[in-house]
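Welcome to a short tour. Open your viewer, get your mouse ready, and follow the stops below.

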Amino acid sequence: MKRILITGITGYIGSNLARNLLDRYEVYGLVREPLNLEYIEDLQAKLKFLTYDGSYESIDAAIQASQPDLVYHLAAYYTGSHGQEHIQKLLDSNITLGAHLLEAMSAHSVPTLVYASTIMALYQGETYRPLNLYAATKQAFFDLMSYYTDAGLLRAVTLVLSDTYGPGDHRAKILNLVRRAAENGEKISLSTGAQDYDVVYIDDVVSAFRLAGEQLLNGAYRNDIFQIASAFPLTLRRTVEKMLTQNSLTLNAGWGERPAAEREIVKAIRVYPRLPGWSPNVSLEDGLQWFCR
């Protein structure tokens, strides 16, 4: 049985990926203490956890103990806007952890890596232009990884995500906030909602990560980038209205009460090719209905 190591396994995407992979793989999770069980409580007995304490030595020990055939690097620290209090967390989680991971993989001849990146690195166009400091740090890891792939030390696939949603998601995402307001009868102030909301259901996201990993294990790719995006993105307002209709919900929505962000992606960006063999299977209608269960 092949071994897989997931960073970010305690997060929403990482936990769902781990749940999906357990049918065929031995799954390890790189975690920080104290262990956050919010998304993985039901999986705790089925996974093997290895602790990262911020040092290279701890991640080297984790790689040596797990001896993975494949690594999924999903761990990240996100903040849409930042202050000085966020700087160290962004550097530690999005750059230092990744640099330690790449070097330890190289030292122990771990050959393959799937990396979760963000469309925010391509703000307003096809050229690199980070929307925020988070996007800049995600790109910084990709630049580090490119050395290791170019030197022949590993093969990698980068999957570029826009947004994700699904049941059991407790992140401070716009659909979660809207659903909560509708269920509680609270008013919510929103932007005009005219911007595209490019969102993919969690099952489709997980299937893309699994497929990319299996293709790498079968010898495909060197340092390739693919985009995981919806087939036909709607505006945020139309998406919210569809969610309300699909689930017979009403919302006291203050559309236009929240000023537009100074920097935001207004139109869905399509730059990279779709992962070969992958397409979203869950329609927006079905996804929004399952999301509200």
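**Stop one: the whole chain**

Start with a cartoon view of the whole chain, and you can pick out eight helices and 13 strands. Keep in mind as you look around that this is a predicted model.

Now zoom out and turn the chain slowly. Along its principal axes, the C-alpha atoms fill a box of roughly 55 × 40 × 40 Å. How does the radius of gyration compare with that of a compact globule? For 293 residues, such a globule would have a value near 19 Å, and the chain has 19 Å, so the two agree.

**Stop two: surface and inside**

Switch on the surface next. The accessible surface of the chain comes to about 13,600 Å², and carbon and sulfur atoms account for 48% of that area. As for what lies beneath, 49% of the 293 residues count as buried.

Then go back to the cartoon and think about who touches whom. Take the contacts between residues at least 6 apart in sequence: 77% of these join residues at least 24 apart.

Colour the charges for one more overview. There are 27 positive and 32 negative charges, and their mean positions are 4 Å apart.

**Stop three: one residue up close**

Select residues 174–184, which form helix 5, and find Asn176 within this helix. Is Asn176 buried or exposed? Its relative accessibility is 1%, and buried means under 20%, so Asn176 counts as buried.

Finally, show the side chains around Asn176. Beyond its neighbours within four places in sequence, Asn176 is in contact with Asp169, His170, Arg171 and Phe291.

Methods:
Residues are numbered from 1 along each chain as its sequence is written. This is a predicted model: local features need pLDDT of at least 70, side-chain atom pairs count only at pLDDT 80 or more; totals for chains, interfaces and linings use all residues. Side-chain values use heavy atoms; hydrogens and water are left out. Helices (H or I, at least four residues) and strands (E, at least two) are DSSP runs, numbered from the N terminus. The radius of gyration is taken over C-alpha atoms; the globule rule is 2.2 Å times the number of residues to the power 0.38. Buried means under 20% relative accessible area, exposed over 50%, partly exposed in between (1.4 Å probe, protein chains only). Contact means heavy atoms within 4.5 Å. Accessible areas come from the Shrake-Rupley method with a 1.4 Å probe; for residues, only the protein chains shown count as cover. Lys and Arg count as positive and Asp and Glu as negative; His and the chain ends are not counted. The place of a charge is taken as NZ of Lys, CZ of Arg, CG of Asp or CD of Glu.
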